[in-house]
Amino acid sequence: MKKLEVNRQTILNLLESKSRLKQDVSQETQTVFKKLKSAIEKEIIEIKPSINDERVRLHAEEKGDNEVKVMIGSDALIFQMHSNVFRLPDDNAAWERDYLKNQEENGYFGVINIYNRLNDTGFLIGRIFINRESHILVEGEGQLGFLFKDPETNTSSSEILKHIIQCSFSHALDFDLIAPPYEMIQEISI
């Protein structure tokens with residue numbers, strides 16, 4: 001009987017600490033995603049007047065609470081907020097920083113994925129990690145892969161979110177599809 005009481009206390013402790021932490025992270029991620037959607041709209045408003053060719057698309061469309069699609073030129077970017085909270089893997093370099101090393105709770109993050117393309121193959125070009133204190137870490141392609149690596153100094157400020165958006169836009173516009181080798185598409189089912 002004593003063992004059952006110990007187990008119950010362990011469960012209560014986890015509910016009190018880890019579940020509360022994950023709720024805090026989730027709530028903060030939702031707040032940052034709303035800020036990100038607003039920053040996307042503002043960036044489009046800034047860029048659009050300079051586009052003189054009506055064939056060049058530039059607009060955003062919300063696809064529910066967890067997704068926004070941005071049409072930029074002939075490309076599509078999808079910003080998608082994941083519904084779960086994740087702990088960074090132990091081998092992630094961010095754990096070497098005092099901000100995470102000294103406070104393990106800071107290593108739990110919500111995630112916003114950034115995909116390039118829509119009806120083609122989608123490519124993950126970046127993911128924004130947001131912790132309970134609204135500090136962020138970004139993994140990704142191009143500038144997204146090295147500009148926002150320090151969660152201690154990078155917060156979800158409007159300036160940083162705008163910079164992430166601009167890097168995402170630039171990467172999408174600079175990304176080119178490569179024609180597959182002739183032999184790969186020589187035979188198809190009709």
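## A tour of salt bridges

Select Glu61 to begin: with a relative accessibility of 32%, Glu61 counts as partly exposed. Keep in mind as you look around that this is a predicted model.

Now add Lys63 to your selection. What do the side chains of Lys63 and Glu61 meet in? They meet in a salt bridge, with N and O 3.1 Å apart. Lys63 has a relative accessible area of 39%, so Lys63 is partly exposed, because that value lies between the 20% limit for buried and the 50% limit for exposed. Here is the general idea behind such a contact: side chains of opposite charge can pair when their charged atoms come close.

**Next stop: Arg87 and Glu104**

Select Arg87 and Glu104 together. Their side chains also form a salt bridge, this one at 3.4 Å from N to O. Where do the two partners sit? Arg87 belongs to strand E3 (residues 75-87), while Glu104 lies in the loop between helix H2 (98-101) and strand E4 (108-116). The two are 17 residues apart, and the pair links distant parts of the chain.

Try displaying the surface here. Arg87 is partly exposed, at 34% relative accessibility, and Glu104 is partly exposed too, at 41%.

Before you leave, add Asp90 to the selection. Which residues are linked in a network of salt bridges? The network is made of Arg87, Asp90 and Glu104.

**On to helix H3**

Move along to helix H3, which covers residues 158-174, and select Glu159 and Lys162. These two form a salt bridge whose closest N and O atoms are 3.6 Å apart. How many residues apart are they in helix H3? They are 3 residues apart, which means that about one helical turn separates Glu159 and Lys162.

Is Glu159 buried or exposed? Glu159 counts as exposed, at 55% relative accessibility. Its partner Lys162 counts as partly exposed, at 31%.

You have now visited some of the salt bridges; a search of the whole structure finds 11.

**Last stop: Ala179**

Finally, select Ala179, which is in the segment after helix H3. Ala179 is exposed, with a relative accessible area of 66%. To get a sense of scale, select Asp53 as well and draw a distance between the two C-alpha atoms. Ala179 and Asp53 are 126 residues apart along the chain, and their C-alpha atoms are separated by 27 Å.

Notes:
Residues are numbered from 1 along each chain as its sequence is written. This is a predicted model: local features need pLDDT of at least 70, side-chain atom pairs count only at pLDDT 80 or more; totals for chains, interfaces and linings use all residues. Side-chain values use heavy atoms; hydrogens and water are left out. Helices (H or I, at least four residues) and strands (E, at least two) are DSSP runs, numbered from the N terminus. Buried means under 20% relative accessible area, exposed over 50%, partly exposed in between (1.4 Å probe, protein chains only). A salt bridge is a side-chain nitrogen of Lys or Arg within 4 Å of a carboxyl oxygen of Asp or Glu.
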